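Work through the exercises below with the sequence and the 3D structure open. Each task is followed by its solution.

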Amino acid sequence: MAEHHGEFKVPGGKLVIADLATEDGSITWASINGDFFLEPDEALADINEALVGLSTQAPNSTISQAVADAVGPSTVMFGFDPDSVAVAVRRALGHATTWADHEWEIIPPSTLTITENVALDEVLTREVGEGRRNPTLRLWEWDERSVVIGSFQSYRNEVDPDGVAKHGVTVVRRISGGGAMFMEAGNCITYSLYLPSSLVDGLSFADSYPFLDAWVMEALAKIGVKAFYKPLNDIATDAGKIGGAAQKRLVTGGMLHHVTMSYDIDAAKMTEVLRIGREKISDKGIASAQKRVDPLKRQTGMSREDIFEAMMATFEGRYSARRATLSEASLADARALAERKFATREWLHRVP
């Protein structure tokens, strides 16, 4: 008989702990505990009983459904739910991981072309999924006026070719979904997380966004910015939107979580380059674009470099991460991938 222990802190909720015993591929004993609330009291025994007999390889959906069936619709689960029990159980069994289960690295910003940046996202995500790299936080730097569009966006519906030509904009398509970002050099703060998908095992897509960005919310709070998530993927303050996130999960088990936040903004230029920006403010004028995105420069008065440092320091302290350098091999792979994929017309216009 083997014993197992797993914990899961529900985002915005309570701590759920799973203590299990297993034998011959099945759960033989279970104790779900934590600082949650549950009525009636007897439902806890029902939850534990429902877990006994389940396969140690049971997916989240099977575990969650077993708990839901056991408690029934009249049971009140406050601060947790059947899905969170499933996450704790999967963590106990070693299928889901926590931040502390990994050795994290940070790659500080170094200037690359915008095309190399998006290519590097694919390269490093694959490296993590294949076990060739530790999970990593990378901060972007570039020296071009750029637009990065989502994987599934239509080029012609998002970008104005006249504005692109007028302002000398480089347009690239990333591998993650989401919307277009107008990214002038020095005016955005962009980072990517490369992680094993086991870290978000059992989490819904909606829950995975704030879960993966809890550290940056802490970093922003330290510099005086009270930020919060607006579902699904917007980061905002009471004064307005700061930025947005996007994700891509690879079949190899690697996952990309990508965030761009506005440090400064030229609203007039943005609306000449992005069609979506123009449409959203067509009946309100340029001033509303400036209100829609509230830059960190105005909110903090800090340099972009100091904000980078605050972010890295917070990530280091929270996850015992160490700073690292990008290997020449990874950079060479990204440059080759940029040339054969991300810089091609076929990729950029794959959705016309």
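**Salt bridges across the chain**

Glu122 forms a salt bridge with Lys341 (a side-chain nitrogen of Lys or Arg within 4 Å of a carboxyl oxygen of Asp or Glu), and their closest N and O atoms are 2.7 Å apart. The model is predicted: local features need pLDDT of at least 70, side-chain atom pairs count only at pLDDT 80 or more, and totals for chains, interfaces and linings use all residues. Residues are numbered from 1 along each chain as its sequence is written, and side-chain values use heavy atoms, with hydrogens and water left out.

**Exercise 1.** Place Glu122 and Lys341 in their helices, then classify each by accessibility.

Step 1. Glu122 lies in helix α4 (residues 114–129) and Lys341 in helix α14 (residues 328–342), 219 residues apart. Helices are DSSP runs of H or I, at least four residues; strands are runs of E, at least two, and both are numbered from the N terminus.

Step 2. Buried means under 20% relative accessible area, exposed over 50%, partly exposed in between (1.4 Å probe, protein chains only). Glu122, at 7%, is buried, whereas Lys341, at 21%, is partly exposed.

**Exercise 2.** Do the same for the salt bridge of Glu105 and Arg322, then find the network that holds them.

Step 1. The N to O distance is 2.6 Å. Glu105 belongs to strand β6 (residues 105–107) and Arg322 to strand β16 (residues 322–323), 217 residues apart.

Step 2. Glu105 is buried at 9%; Arg322 is partly exposed at 47%.

Step 3. Salt bridges link Glu105, Glu127, Arg133 and Arg322 in a network.
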